[in-house]
Every structure is written in structure tokens, then in C-alpha cells.
Amino acid sequence: MQLTADQSLMLNYPSIVVLTGAGISAESGIRTFRGSGGLWENHSIEDVATLEGYYRNPALVQAFYNDRRQRLSEVVCNAAHKALSDFEKSFDGEFLLVTQNVDDLHSRAGSQNLIHMHGELYKVSCQDTEQVFEWYDDLTTETLCPCCQMAGNLRPHIVWFGEMPLEMDRIYKALSQCDLFVSIGTSGNVYPAAGFFEEAKAAGAETVELNLEPGTNASRFDRSLSGPATELVPEFFNALLG
Ligand code: BJW
């Protein structure tokens, strides 16, 4: 009996987890965080990415996210987002895409089994009830919350430093069962995401990094490939499918 490419892939890697970071959206025109030209160059992390910063100056933090939410409508997904979505459609095994990105480019590309572990720019939540709402407009300190009708109760649905990332149980379960872990376009500076490759390794998975420049933990991956995501990701996932 001859195996099709997909069947033989299934035998090697029945379960795949992919982690993406800002680098996968860089070629769509969304700024990364660290390094020259990064978002943190002009903003203090303590001011715009912590709950304490938000309590100190909600208008400043809302302006930071309003600006990024508005810019999101001007960009489109790229070949790397599409390659992951195409792969998921062709692959019969378990596939989970975990993104640290708060943009919606993976969804726009058609990815299905997707977790936004650091939240989403197009969502806000009520600080009292924790209800989450889709949100495409600017948020101000005067905005009324749809559930409690209080002004100023809505916050960006973003995981700031010191807060628990979303859907961690589901992520760790998938990592503990995966056979291949692929990290794409993330510097490996922010935990717990930066430690996912170790969880996958402990489960016996092969670990691969695809990045423009090797990330902090590159030497500890089984393979680390350097190049732009729009080239590396389609090449890598097409090769996997044979
Ligand atoms: C390209 C490219 C191209 C460019 N092609 N590639 C030790 C253990 C555990 C926790 C901690 C710890 N020490 C400290 C902590 C706590 C803290 C933390 O990690 N701090 C570090 C700074 C040390 N973490 C937290 O507080 C997290 N919560 C938490 O830990 O809860 C407790 C807990 C513990 C254990 C288990 C479970 C829970 C919350 C972290 C929240 C992070 N939030 C942010 C902001 C989101 C809002 C916003 O968007 O404004 O998320 S920070 C920011 O960094 C953002 C990103 O998602 C995240 C990661 O950044 P990313 O994606 O890696 O971007 P860059 O810019 O760093 O790198 C870009 C990469 O792209 C580079 O490598 C380039 O080479 C590459 N690239 N162009 C391919 N064309």
C-alpha cells in the first residue's frame, strides 16, 4: 500500500502546535514590539501594558490601543498567515495555532483552531463582569459599558504584564500531546509563551523555530531556520505536506 503525503505526515506528526508572534504580521505592516522601530521604542511598558498603568492613565492606554485598532483596518494578512490556514485545511491530524498577536490576521486568513493567548484588539471587556464584547470603535473614558451601563468600565481585551494569558489549560494540554512544535516570528522574551517549546520537548515533540533572526532560545530548538515569514512559513508547511 502506498501512503499519500498527508498519511505519511500523519504518521510522523499526528499532532502539531504552532506558536506565532509579532514577526508573522511584520510584513503586513504591523510593528513588532522589541528592537529598532518596535512599539516599545516610543512607549513605556509600565505605562501602556500593565493594569497599574491603565489605572494611572486610562486615556493614554486607550489612545495607544485605539490607534492600533484603527491601523488594523488598513492592513491585510500575508502569505505566512495564509500558508498556516491552508495547511490546517489540508491536514487530517490535530492542529492548534496559538498566537501572541492581538491582530486578527490569522482569522482573516481562515485559521480555525486558533487561540489568541494575549487577547484581541477588536474586543473589550467589562472590568466588573468580565464580559467580553466585539469592539471596532475607539474606546474612551466616557464610553458606556453595554452590560452595566457604567462609563469607564470597559478596558481593552488585552493580556498585560502580570495578568494570566488566556486558555492556558487548552494550550498546555495540546503541548503535552504534540509531536511537532513550530515557533514563528517571536523573540522568546515573554513568558509563558517563551517556555512552550520546553513543554513540547518534554512531551517528545520535535521543535522548530522560523524567525527573521534567531530568537533568545534558538539554540535549544531542534531546528532554527532564519528568513522572512512570508517565505519561510509557506516553504516549511508546503514541504511538510510533501
Ligand atoms: C520576523 C519578521 C519577519 C520580525 N519574519 N520574523 C518567568 C516565568 C514566567 C513568567 C515570567 C517570568 N519572568 C517574568 C514573567 C512575567 C511576564 C514576562 O514574561 N516578562 C518578561 C518581560 C520577562 N509575563 C507575564 O506577565 C505574562 N503573564 C504571566 O506570566 O502570568 C503568570 C503565568 C505564569 C506561568 C504560566 C502561566 C501564567 C503576561 C504577558 C503579557 C504580554 N503582553 C504583551 C502586550 C500585549 C498587548 C499589546 O499588544 O500591546 O504581548 S507584551 C508583547 O510581547 C506582546 C507580545 O505578544 C509579546 C511577545 O512579543 P513577540 O511577539 O515575541 O514580539 P517581539 O517584538 O519581541 O519579537 C518579534 C520577533 O519577530 C523577533 O524575533 C524578530 O526576529 C521577528 N521578526 N520581522 C519573521 N518578517
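Where is Q149 found? Keep that in mind as you read these points; the answer comes in point 5. One thing to know at the start is that this is a predicted model.

1. **Where the ligand sits.** Let's begin with the ligand. The ligand sits in the largest pocket. There are 37 residues around the ligand, and those that come nearest are R34, R68, G162, T186 and S187. You may like to find these five in the viewer before going on.

2. **What surrounds the ligand.** The shell around the ligand is made up of 20 nonpolar, 12 polar and five charged residues. Two helices to look for here are α2, residues 23–26, and α5, residues 58–72, since each supplies at least two residues of the shell. Helix α5 gives the most, with three residues.

3. **Backbone contacts with the ligand.** Some partners of the ligand's oxygen atoms belong to the protein backbone. At G162, a backbone N or O atom lies 2.7 Å from an oxygen atom of the ligand. For Q100, a polar backbone atom is 3.0 Å from a ligand oxygen. G185 also has a backbone N or O atom at 3.2 Å from an oxygen of the ligand. As for cover, the ligand on its own has 1500 Å² of accessible area, and the protein covers 77% of that.

4. **A histidine in a strand.** Next, turn to H116, which is placed in strand β3, residues 114–116. Is H116 buried or exposed? Its relative accessibility is 8%, and buried means under 20%, so H116 counts as buried. The side chain of H116 reaches the backbone oxygen of D103 at a distance of 3.1 Å.

5. **Two loop residues with positive phi.** Back to the opening question: Q149 is found in the loop between β5 and β6, the latter being residues 154–158. Q149 is not a glycine, yet its phi is positive, near 60°. E130 is another residue to check, with a positive phi of about 65° although it is not a glycine either. E130 is found in the loop between β4 (119–126) and β5 (132–134). With a relative accessibility of 65%, E130 counts as exposed, because the cut-off for that word is over 50%. Why point these angles out? Most residues other than glycine have a negative phi.

6. **A cis peptide bond.** Now look at the step from Y191 to P192: this peptide bond is cis, with omega near 5°. For background, most peptide bonds are trans. P192 lies in the loop that runs between β7 (180–184) and α9 (196–202).

7. **A proline before a helix.** P228 has its place in the loop between β9 (223–226) and α10. How exposed is P228? Its relative accessible area is 25%, so P228 is described as partly exposed. P228 and N211 are 17 residues apart in sequence, and their C-alpha atoms are 6.8 Å apart in space.

8. **An exposed alanine.** Last comes A239, found in helix α10, which spans residues 229–241. A239 has 58% relative accessibility, so this residue counts as exposed. Try comparing its position with that of V17: the two are 222 residues apart along the chain, and their C-alpha atoms are separated by 17 Å.

Definitions and conventions. Residues are numbered from 1 along each chain as its sequence is written. This is a predicted model: local features need pLDDT of at least 70, side-chain atom pairs count only at pLDDT 80 or more; totals for chains, interfaces and linings use all residues. Side-chain values use heavy atoms; hydrogens and water are left out. A residue is near a molecule or strand if one of its heavy atoms lies within 4 Å of it. A polar contact is a pair of N or O atoms within 3.5 Å; within protein, one must be able to donate a hydrogen and the other to accept it, and residues adjacent in sequence count only if both atoms are side-chain atoms. Accessible areas come from the Shrake-Rupley method with a 1.4 Å probe; for residues, only the protein chains shown count as cover. On a 1 Å grid over the protein atoms alone, a cavity is a set of points where a 1.4 Å probe fits but cannot get out, and a pocket is an open set with protein on both sides within 12 Å along at least five of seven lines; lining residues have an atom within 4 Å of a point. A molecule sits in a cavity or pocket if more than half of its atoms lie within 2 Å of its grid points. Helices (H or I, at least four residues) and strands (E, at least two) are DSSP runs, numbered from the N terminus. Ala, Val, Leu, Ile, Met, Phe, Trp, Tyr, Cys and Pro count as nonpolar, Asp, Glu, Lys and Arg as charged, and the others, Gly among them, as polar. Buried means under 20% relative accessible area, exposed over 50%, partly exposed in between (1.4 Å probe, protein chains only).
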